[in-house]
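Good morning, and thank you for joining. Please take a moment with the sequence and the structure before I begin.

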Amino acid sequence: MTSTRPLHPVGTNAPDAPDDPGGSGVRVQHDTSAAPEHVWSILADGWAYATWVVGASRMRRVDPTWPAQGSRLHHSFGLWPLVIDDTTTVLTSVEPAELTLQARGWPAGEATVWVTLIPRAGGTRITIVEDVTTGPGTLVPQPVRQLAIAPRNQEALRRLAWLAEGRGRRSVTGV
């Protein structure tokens, strides 16, 4: 039986946080020269979601309180004309360090996604931990899910980093 209990990455204050979230979800990290506040500014811009999230094809609406807990993004995923409208909801938001999302992707199911930002000398380490938590996708063995989730999230982190680095350059140069 597959658990639908939310997973938490290392460093959270969740009482049931596992010591190794990699054992519970697919973990991907990327170091960027962008400061945490620049990375956060991309995460906090709900309209930018389809720019860095691989598979998201368009944004339809962003709740005005995004990224506050309970707020939602209304997006589509897939390739036109085969797109599916769905939502992503904020479970936790700790500016500028952590964003936990429940991403719906029916008919496949839902995934819980943790994005954490750790300041490092000269930039930020961005980590995503993700796994399917409900729906038919839970029937796929985790090693098989990892084959799809890990490369997709590696590309998502590259895109997120490039956007944040560009935003950081603009704030320094004023252009």
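I start with the largest pocket, in which about 680 Å³ of space lies. Please keep in mind that this is a predicted model. The lining of this pocket comprises 31 residues, and those nearest its centre are Ala103, Gly105, Ala111, Glu130 and Arg152. Two or more lining residues come from each of α2, β3 (72-79), β5, β6, β7 and α3. Which element gives the most to this lining? The answer is α3, with 6 residues. By class, the lining is made up of 18 nonpolar, 8 polar and 5 charged residues.

I turn next to enclosed space. The structure holds 1 cavity of 30 Å³ or more. The volume of the largest cavity is about 40 Å³. Its lining consists of Ile42, Leu43, Asp45, Gly46, Tyr49, Trp52, Trp66, Leu73, Leu99 and Leu101. The elements α1, α2 and β5 each give two or more residues to that lining. In terms of class, 8 of the cavity-lining residues are nonpolar, 1 is polar and 1 is charged.

Strand β5 therefore deserves a closer look, as 7 of its 8 residues are buried, so the strand is largely enclosed by the rest of the structure. On one side of the pairing, β4 (residues 82-94) and β5 are antiparallel, with 6 bridges, and a hairpin of 3 residues joins β4 to β5. The partnership with β6 is also antiparallel and has 8 bridges; here again a hairpin is formed, with 3 residues between β5 and β6. Leu99 illustrates both pairings: Leu99 is the bridge partner of Ser93, and Leu99 stands opposite Val115 in β6. Leu99 also belongs to the lining of the largest cavity.

Helix α1 is the next element. Is α1 largely enclosed or largely open? With 6 of its 8 residues buried, α1 is largely enclosed by the rest of the structure. The buried residues in α1 are Pro36, His38, Val39, Trp40, Ile42 and Leu43. Two of these, Ile42 and Leu43, appear in the lining of the largest cavity.This brings me to the nonpolar core. In soluble globular proteins, nonpolar side chains tend to be buried together. The largest nonpolar core in this model has 33 residues, and Leu43, Trp52, Ile126 and Leu160 have the most contacts inside it. At least two core residues are supplied by each of β1 (26-32), α1 (36-43), α2 (49-52), β2 (56-62), β5 (98-105), β6 (109-120), β7 (123-134) and α3 (142-173). The largest share, 7 residues, comes from α3.

Which residues does Trp52 contact, leaving aside its neighbours within four places in sequence? They are Ile42, Leu43, Ile128, Ala156, Arg159, Leu160 and Leu163. Trp52 also helps to line the largest cavity.

I close with one of those partners, Arg159, which is located in helix α3. Arg159 has a relative accessibility of 27% and so counts as partly exposed. Not counting residues up to four places away in sequence, Arg159 touches Thr51, Trp52, Val53 and Val54. For Arg159 and Val54, the C-alpha atoms are separated by 8.9 Å, while the two residues are 105 residues apart along the chain.

Terms used. Residues are numbered from 1 along each chain as its sequence is written. This is a predicted model: local features need pLDDT of at least 70, side-chain atom pairs count only at pLDDT 80 or more; totals for chains, interfaces and linings use all residues. Side-chain values use heavy atoms; hydrogens and water are left out. A nonpolar core is a set of buried Ala, Val, Leu, Ile, Met, Phe, Trp, Tyr and Cys residues joined through side-chain atoms within 4.5 Å. Buried means under 20% relative accessible area, exposed over 50%, partly exposed in between (1.4 Å probe, protein chains only). Helices (H or I, at least four residues) and strands (E, at least two) are DSSP runs, numbered from the N terminus. Contact means heavy atoms within 4.5 Å. On a 1 Å grid over the protein atoms alone, a cavity is a set of points where a 1.4 Å probe fits but cannot get out, and a pocket is an open set with protein on both sides within 12 Å along at least five of seven lines; lining residues have an atom within 4 Å of a point. Grid points are joined across faces, edges and corners, and a volume is the space filled by probe spheres set on the points. Ala, Val, Leu, Ile, Met, Phe, Trp, Tyr, Cys and Pro count as nonpolar, Asp, Glu, Lys and Arg as charged, and the others, Gly among them, as polar. Two strands pair if DSSP finds at least two bridges between them.
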